[in-house]
Each structure stands twice: as C-alpha cells, then as structure tokens.
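Welcome! Please open your viewer, and we will take a short walk through this model together.

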Amino acid sequence: MTQEDLAAELGVTAAAVSKWENNYTMPDILMLCALADFFVVTTDELLGRAKEFKHAVIAAENAE
C-alpha cells in the first residue's frame, strides 16, 4: 500500500500520511476511528494501549 492509497481511503493528502509515518505530526483525533477501521484494529491498539495493558496484567500476576 502506498501513502497515496491510504490517503485516498481516508480523505487526506499523501503529505499528511507521510508526516504521520515520519513522526512530524500525528493524525487528528477524529481520524483514529477511520484508521482503526481501515487497519481492522482497535483504537487502543493504534494508541499502543493494548500492549501496555497486557504488560501491566502480566506484571500484576507475577507480583502475586
């Protein structure tokens, strides 16, 4: 998939996608649901929360 393909699917410019990929900017919060739907993931996964939560649960279980 190219930046142009993703941009067309989301209704943004390829330059915007490029900036996201290169950590110059972040997608607007209103784009999170569209990105999650497109990549078939949760918004938590997009934000990195799922992994952190999983690690927190494992750490809590190991502490017992």
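Which residues are exposed on the other side of H3, away from its buried ones? Keep that in mind as you look around; the model is a predicted one.

**First stop: the buried side of H3.** Select residues 32-39, which form helix H3. Within H3, colour Leu 32, Leu 35 and Ala 36, its buried residues. They lie on the same side of H3, because the arc they cover around the axis is only 100 degrees. Now show the neighbours: the buried residues of H3 pack against H1, helix H2 (14-21) and helix H4 (43-46).

**Second stop: the other side.** Turn the view around H3 to find the answer to the opening question: Cys 33 and Asp 37 are the exposed residues there.

**Third stop: H1 against H3.** Add helix H1, residues 3-10, to your selection. The axes of H1 and H3 are 10 Å apart, and the two helices pack at an angle of about 120 degrees. At that angle, which is neither over 145 degrees nor within 65 to 115, H1 and H3 are therefore oblique to each other. The crossing of H1 past H3 is right-handed. To see the contact itself, show side chains for Leu 6, Glu 9 and Leu 10 on H1, together with Ala 34, Leu 35, Phe 38 and Phe 39 on H3. Of these contact residues, six are nonpolar, one is charged and none is polar.

**Last stop: just past H3.** Finally, select Val 40, just after H3. Its backbone has a positive phi of about 55 degrees.

Notes: Residues numbered from 1 in each chain as written. Predicted model: local features only at pLDDT ≥ 70, side-chain atom pairs only at ≥ 80, totals over all residues. Heavy atoms only, no water. Axes fitted to C-alpha atoms, helices over the stretch in contact; angles between N-to-C directions. Helix = DSSP H or I, 4+ residues; strand = E, 2+ residues; numbered from the N terminus. Parallel < 35°, antiparallel > 145°, perpendicular 65-115°, else oblique. Left-handed = near helix turned anticlockwise from the far one by under 90°. Contact = heavy atoms within 4.5 Å. Nonpolar A, V, L, I, M, F, W, Y, C, P; charged D, E, K, R; others polar. Buried < 20%, exposed > 50% of the residue type's maximum accessible area, 1.4 Å probe, protein only. Arc of directions from axis to C-beta.
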